[in-house]
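Let's take a walk through this fold, one piece at a time. Have the viewer open and follow along.

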Amino acid sequence: MNYSKQKNNRILVVDDEVDVLDFLKIYLESLGWEVTTVSSTNDAFQKLKHHPYFLILTDIAMPDMDGYEFISKIKDHNYQSQMALMTGFGYNPKHTLVRIYKTIRYPCLFKPFNRAKVAETVQNAWNKYHEDLLPEQGSDLPGTKLNNQ
């Protein structure tokens, strides 16, 4: 089952590293977001069957399916979520992901995380996801509050 686009403040984080999942859950929930974490893409698809998420934040290198293949399958299922990638290779301006950003069109967060960049990426995803929903539909969600602070 896939959902039509609905207002929500849910983020799905997919990574096979427990420390990454724990950090993002604690940090993003402290900003007011509702965060679900899973350690595999198979678990992610199970969660997506039950709830819409405005953002799916996925690691690139995972054992069951890489992030690119996962995003491709998300698109095939026509989920409306925004997406962002994560990588443990750290930021390097010569990194392939930086150079091909214009092709993939998804933001990429480099580990170790820059908290401000994580918050900015999530806020931008929330804004993009909700831009075509009526303003009053999204007025009670964290992204609106963050914009007004």
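What follows goes from the overall layout to the sheet, then to the helices, one buried residue and the largest pocket.

First, a caveat: this is a predicted model. The protein has 149 residues, and 46% of them are buried. Its secondary structure adds up to eight helices and five strands. Reading from the N terminus, you get the pattern β-α-β-α-β-α-β-α-α-β-α-α-α. If you're curious how local the contacts are, take those between residues at least 6 apart in sequence: 68% of them join residues at least 24 apart.

Now for the sheet. It's an open one with five strands, and the order across it is β2-β1-β3-β4-β5, with parallel pairing. At the edges sit β2 (34-38) and β5 (108-110), each of which pairs on one side only. Going from one strand to the next, the twist averages 20°.

Strand β4 is a good place to zoom in. It covers residues 82-87, and five of its six residues are buried, so by the under 20% cut-off on relative accessible area the strand is mostly covered. On one side, β4 pairs with β3 in the parallel sense over five bridges. Within that pairing, Thr-58 has Leu-85 of β4 as its bridge partner. Strand β4 also pairs with β5, again in the parallel sense, this time over three bridges. There, Met-86 finds its bridge partner in Leu-109 of β5.

Next, the helices that lie on the strands. Helix α2 (residues 41-48) lies across β1 (10-14), β2 and β3 (55-59), and runs at about 160° to β1. Helix α6, which spans residues 115-130, lies across β1, β3, β4 and β5. Its direction is about 160° to β4.

For a single-residue view, pick Thr-36, which lies in strand β2. Is Thr-36 buried or exposed? With a relative accessible area of 17%, Thr-36 counts as buried, because that value falls under the 20% cut-off. Leaving aside residues up to four places away in sequence, Thr-36 touches Ile-11, Leu-12, Val-13, Lys-47 and Tyr-53. Of these contacts, Ile-11, Leu-12 and Val-13 belong to β1, given its range of 10-14, while Lys-47 falls within α2.

That leaves the empty space. Rolling a probe the size of a water molecule over the atoms shows where such space is left. The largest pocket holds about 340 Å³. Its lining has 17 residues, and the closest to the pocket's centre are Gln-82, Met-83, Arg-105, Tyr-106 and Pro-107. The elements that contribute two or more residues to this lining are β4 and α6. Which element gives the largest share of the lining? That's α6, with six residues. Sorted by chemistry, the lining of the largest pocket divides into eight nonpolar, four polar and five charged residues.

Let's finish with Arg-105, one of the residues closest to the centre of that pocket. Arg-105 sits in the loop between α5 (101-104) and β5. Its relative accessible area is 58%, so Arg-105 is exposed, the cut-off for that being over 50%. Met-83 is also among the residues closest to the pocket's centre. Along the chain, Arg-105 and Met-83 are 22 residues apart, yet their C-alpha atoms are separated by 9.3 Å.

Conventions: Residues are numbered from 1 along each chain as its sequence is written. This is a predicted model: local features need pLDDT of at least 70, side-chain atom pairs count only at pLDDT 80 or more; totals for chains, interfaces and linings use all residues. Side-chain values use heavy atoms; hydrogens and water are left out. Two strands pair if DSSP finds at least two bridges between them. Helices (H or I, at least four residues) and strands (E, at least two) are DSSP runs, numbered from the N terminus. Axes are lines fitted to C-alpha atoms, for helices over the stretch in contact, and angles run from 0 to 180 degrees between N-to-C directions. Contact means heavy atoms within 4.5 Å. On a 1 Å grid over the protein atoms alone, a cavity is a set of points where a 1.4 Å probe fits but cannot get out, and a pocket is an open set with protein on both sides within 12 Å along at least five of seven lines; lining residues have an atom within 4 Å of a point. Grid points are joined across faces, edges and corners, and a volume is the space filled by probe spheres set on the points. Ala, Val, Leu, Ile, Met, Phe, Trp, Tyr, Cys and Pro count as nonpolar, Asp, Glu, Lys and Arg as charged, and the others, Gly among them, as polar. Buried means under 20% relative accessible area, exposed over 50%, partly exposed in between (1.4 Å probe, protein chains only).
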